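Thanks for coming, everyone. Please open the structure on your screens, and I will walk you through it.

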Amino acid sequence: MKKALFWLGILLGLQIVIALTLYASNQSQDQTESRPLLSAGTLPERLVIDDGKHRADVAKVNGEWRLPDLDNLPANTSKIEGLLSKLKQTKTRWPQTTTASSHKRFEVAPEQFQRHVSLWQDGSKSVEFYLGTSPGYRQTHLRRADETAVYSVPLQNYDFPSQNEDWLDKRLIAVSAITELNGPDYHLRKTDSDWHLADAGEDELDPDRVQALIRSLENLRVQGIADKPEGDAELVLSVRAGNSDYEFRFWKNGDDHVIQRSDRAQTFTVSKYDYELLIEATRENLLRKPEA
């Protein structure tokens, strides 16, 4: 009898060990299962990024990414789509910690964070997380808003600018397919692939100088939004591009170089280089120089 009880005890012990092993294995698998930060089926229509002082808000309007807080100006679509693609590729696996007391230390707490990011779909939040300190090169601590676990992920806070102007489409006043350009003392018109100067007489255009001028309008990048300066513009350029006509107005406002395109109410700062290249173009310096 004692011998039977002994073997029964051994068998029961083995069953308990096996059960505990299976349970621990399942728990470990659940805790380390790779989870994408943004699932493939998620189609965000709004992105909000807060750093505690500034807040960027980017939203889709009629299928286009816009900046609601900046008069619905166009946002940089490739930058937004690139970030969303990166989020879909980012997965969490091993948590660095699961204690709520660590959230402030890693700066992923609601009252202390470096970035608070939320993505919206169908009018409600679909994804929300905090980004905090960096545990190593190109790594950042992340916590989902509805979890206590903190992970290390291959994201960086500078990938999540928190000011609206950082998301602005910097090409929003550039023009392409230019066929006419009127400056202070010149009128350029394109026929087929060649540019011609009105009332040229014996003067001959320098093709390289003309192309440089045209490219400066085609590649024009704004740096930010500016207050419209008082007084008359220093220069007005009239441009025909495609089937549209535009006027560009130029002001020097202190250290700022400001441009406005006629179809937009806002004025924008541009680089000194772009500004001077456009404003210093005259009939004389667009002509081919006689050989010495």
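**Salt bridges, a sheet and a helix**

I'll start with one residue: R189 is partly exposed, with a relative accessible area of 44%. R189 has a salt-bridge partner, E180. Their closest N and O atoms are 3.7 Å apart. Keep in mind that this is a predicted model.

Now the overview. The protein has 292 residues, and 37% of them are buried. There are four helices and 21 strands. Take the contacts with a separation of 6 or more. Of these, 59% come from residues 24 or more positions apart.

Next, the sheet. How many strands form it, and in what order? Nine strands, in the order 5-4-3-2-10-11-12-13-7. The sheet is open, and the pairing is antiparallel. Which strands stand at the edges? Strand 5, residues 73-74, and strand 7, residues 95-97. Each has a single partner strand, so one side of each is left without a neighbour in the sheet. As general background, strands of a sheet pair through backbone hydrogen bonds, either parallel or antiparallel.

Let's go through some of the pairs. Strand 2 covers residues 46-50, and strand 3 covers residues 55-61. Five bridges join them, and they run antiparallel. Look for R46: opposite it, in strand 3, stands A59.

Strand 2 also pairs with strand 10. That pairing is antiparallel too, over five bridges. Find V48 here; its bridge partner in strand 10 is S118.

Stay on strand 10. Is it enclosed or open to the outside? Five of its seven residues are buried, so strand 10 is largely enclosed by the rest of the structure. Strand 10 pairs with strand 11 over seven bridges, again in the antiparallel sense. W120 is one residue to find there, with K125 as its bridge partner in strand 11. These two strands make a hairpin with two residues between them. In that hairpin, D122 takes a positive phi near 55°.

Follow the chain on from strand 11. The loop between strand 11 and strand 12 holds T133. Is T133 buried or exposed? Its relative accessibility is 18%, and the cut-off for buried is under 20%, so T133 counts as buried. What does T133 touch, beyond its neighbours within four places in sequence? Its contacts are R105, F106, E107, Q114, T140 and H141.

On to helix 2. This helix runs over residues 77-89. Helix 2 lies across five strands: strand 2, strand 3, strand 4, strand 10 and strand 11. Against strand 4, residues 64-67, helix 2 runs at about 105°.

Does the length of helix 2 fit its residue count, or not? Helix 2 has 13 residues, which at 1.5 Å a residue should span 18 Å. Its end C-alpha atoms are 18 Å apart, which agrees.

Which residues of helix 2 are buried? They are I80, L83, L84 and L87. Seen down the axis of helix 2, these fall within an arc of 95°, so they line one face of the helix. A general point helps here. An α-helix has 3.6 residues a turn, so residues three or four places apart point the same way.

What does the buried side of helix 2 pack against? Strand 2, strand 3, strand 4, strand 10 and strand 11. Now turn to the face away from that buried side. That face of helix 2 carries the exposed residues S78 and Q89.

Back to salt bridges to finish. How many does the structure hold? There are 15. You have met E180 with R189. Here are two others.

K104 forms a salt bridge with E111, with the closest N and O atoms 3.8 Å apart. K104 is partly exposed, at 44% relative accessible area. E111 is exposed, at 55%.

R240 forms a salt bridge with D245. Their closest N and O atoms are 2.9 Å apart. R240 is partly exposed, at 27% relative accessibility. D245 is exposed, at 53%. Elsewhere, salt bridges that share partners join R35, R144 and E147 into one network.

To recap briefly. Nine strands form an open sheet. Helix 2 packs its buried residues against five strands, among them strand 10. And strand 10 itself is largely enclosed, with five of seven residues buried. Thank you.

Terms used: Residues numbered from 1 in each chain as written. Predicted model: local features only at pLDDT ≥ 70, side-chain atom pairs only at ≥ 80, totals over all residues. Heavy atoms only, no water. Pairing = 2+ DSSP bridges. Contact = heavy atoms within 4.5 Å. Axes fitted to C-alpha atoms, helices over the stretch in contact; angles between N-to-C directions. Buried < 20%, exposed > 50% of the residue type's maximum accessible area, 1.4 Å probe, protein only. Expected span 1.5 Å × (residues − 1). Arc of directions from axis to C-beta. Salt bridge = Lys/Arg side-chain N within 4 Å of Asp/Glu carboxyl O.
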